[in-house]
Amino acid sequence: MHPDAQIVTDVRHWTDRLFSFRVTRPKSLRFRSGEFVMLGLVGDNGRPLLRAYSIASPAWDEELEFYSIKVPDGPLTSRLQHIKVGDQVIVKPKPTGTLVLDALLPGKRCYLIATGTGIAPFASLLREPEMYERFDTVILTHTTRDVAELAYGADLIERVKNDPLVGEECEGKLLYYPTTTREESPKMGRITTLLQNGDVARDLGVPPLGPDDRVMICGSMALNLDIKAICEEAGLVEGSNSMPNTFVLEKAFVG
Ligand SMILES: Cc1cc2nc3c(=O)[nH]c(=O)nc-3n(C[C@H](O)[C@H](O)[C@H](O)COP(=O)(O)OP(=O)(O)OC[C@H]3O[C@@H](n4cnc5c(N)ncnc54)[C@H](O)[C@@H]3O)c2cc1C
Ligand SMILES: NC(=O)c1ccc[n+]([C@@H]2O[C@H](COP(=O)([O-])OP(=O)(O)OC[C@H]3O[C@@H](n4cnc5c(N)ncnc54)[C@H](OP(=O)(O)O)[C@@H]3O)[C@@H](O)[C@H]2O)c1
């Protein structure tokens, strides 16, 4: 058994491109909600094949949850998508990342802006009690191409609302804004467009993005750069672990 091996305790397939799974938690792993770790499988050459994965469960959870893409010819996920309960997955107990509450200054509202699997770090943060202590309003936006790709997020919101730890605290504070871009759904459009044309503020009954807001961004490189520009136009400044400020971002994948 690899020294960093953990045991799979649950697997759930959401679509033919997306699945989530839970594993036992390494005893030595301490992390802040929103961080990522290196995760993988032992390759054919006997060496670990690792990729960055956001931890989708909060820091207080006794297991770890992950939400993953299935890339048909991806070196890791072409195999990882076949894991079953009882299998071993390698989790390196060295968490890192910028999508952490420590990197944000206090504010009124906190936007969590995700596309695709970029929702994973926010699944962790939304079950973190500190999220609701720090902000009056927490807004999760999740944009995917198709309706089926929203399912993990919709289920997450139900889990958060029924969570014994944060269920009550998030009442009246948590707003969920799912949108699709390629398949018909109640709210269609790219989140960039919907922020800029005022739809988000109108639909949610909040003021337009401004200095009282805090933003966490997790999507493709293009999404991150476009939202970053929107944040900067609204007077927000990128923060980091060493220099907290008013918005932070992280790539959901490389490419
Ligand atoms: C900081 C960070 C955190 C990440 N967290 C997650 C996570 O929580 N869940 C997750 O599924 N992936 C995550 N990734 C991506 C992950 O590291 C791998 O790229 C992914 O598991 C695919 O691995 P692979 O070896 O099968 O294919 P790769 O060779 O790694 O990727 C092949 C191609 O597939 C596309 N791709 C890869 N990952 C994704 C994705 N998540 N969404 C859409 N397209 C993708 C890209 O075009 C990429 O070039 C993260 C990446 C980074 C940098
Ligand atoms: N084989 C398949 O069935 C299949 C299906 C989907 C994706 N893919 C591949 O998988 C990879 C990732 O796909 P993905 O859908 O997970 O991620 P993605 O391409 O990043 O798209 C996720 C969501 O983000 C939106 N988006 C992308 N760039 C944006 C930007 N700059 N500003 C605002 N919104 C933006 C997309 O809108 P738009 O729709 O307007 O781009 C989409 O709704 C891609 O390489 C894609 O080719 C394959």
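Let me start with the surroundings of ligand 1 in this predicted model. Sorted by class, the shell around ligand 1 contains 12 nonpolar, eight polar and three charged residues. In total, 23 residues surround this ligand, and the closest are G74, L76, T77, F253 and G255.

Where in the chain does that shell come from? Four elements each supply at least two of its residues: strand 4 (48-54), strand 5 (63-69), helix 1 (77-80) and strand 11 (247-251). Strand 4 has the largest share, with four residues. In terms of domains, the shell around ligand 1 takes at least three residues from domain 1 (5-91) and at least three from domain 2 (101-251).

That brings me to the domains themselves. The domain assignment of the protein gives two entries, domain 1 at 5-91 and domain 2 at 101-251. Their centres, taken over C-alpha atoms, are separated by 23 Å. In the contact between them, 17 residues belong to domain 1 and 14 residues to domain 2. On the side of domain 1 that touches domain 2, strand 2 and strand 5 each supply at least two residues. Strand 5 makes the largest contribution to that side, four residues. By class, that side of domain 1 divides into nine nonpolar, seven polar and one charged. Strand 5, then, appears in two places in this talk: in the shell around ligand 1, and on the side of domain 1 that touches domain 2.

There is also a record to mention. An unreviewed UniProt entry carries the annotation "domain: FAD-binding FR-type" for residues 1-102. Over residues 1-102, the chain is 4% helix and 40% strand, and the C-alpha atoms at the two ends are 36 Å apart.

Next, ligand 2. Which residues come nearest to ligand 2? Of the 16 residues around it, they are T115, G116, T181, S220 and A222. Strand 8 (137-144), helix 5 (191-196) and helix 7 (221-233) are the elements that give two or more residues to this shell. Helix 7 gives the most, with three residues. By class, the shell around ligand 2 has three nonpolar, eight polar and five charged residues.

Now a helix, helix 4, residues 151-161. Its buried residues include Y152, G153, L156 and V160. Why do we say that they line one face? Seen down the axis of helix 4, the buried residues fall within an arc of 95°, so they sit on one face of the helix. As background, an α-helix has 3.6 residues a turn, so residues three or four places apart point the same way. What do the buried residues of helix 4 pack against? The partners are strand 2 (18-24), strand 5, helix 2 (120-125), strand 8 and strand 9 (174-180).

Helix 2 leads to my last residue, P121, which is placed in that helix. Is P121 buried or exposed? P121 counts as buried because it has 28 C-beta neighbours inside 10 Å, and the cut-off for buried is 20 or more. Leaving aside neighbours within four places in sequence, P121 is in contact with G34, S54, L99, C218 and E250. P121 and I217 are 96 residues apart in sequence, and in space they are 9.9 Å apart, C-alpha to C-alpha.

That is the end of my part.

Conventions: Residues are numbered from 1 along each chain as its sequence is written. Chains are lettered from A and ligands numbered from 1 in the order in which they are written. This is a predicted model: local features need pLDDT of at least 70, side-chain atom pairs count only at pLDDT 80 or more; totals for chains, interfaces and linings use all residues. A residue is near a molecule or strand if its C-beta atom, placed from the backbone, lies within 6 Å of it. Ala, Val, Leu, Ile, Met, Phe, Trp, Tyr, Cys and Pro count as nonpolar, Asp, Glu, Lys and Arg as charged, and the others, Gly among them, as polar. Domain bounds come from an automatic or database domain assignment. UniProt positions are given in the numbering used here, feature names are shortened, and annotations may be inferred rather than shown by experiment. A residue is buried if 20 or more other C-beta atoms lie within 10 Å of its own, exposed if 12 or fewer, and partly exposed in between; C-beta atoms are placed from the backbone. The arc is that of the directions from the helix axis to the C-beta atoms. Two residues are in contact if their C-beta atoms, placed from the backbone, lie within 7 Å.
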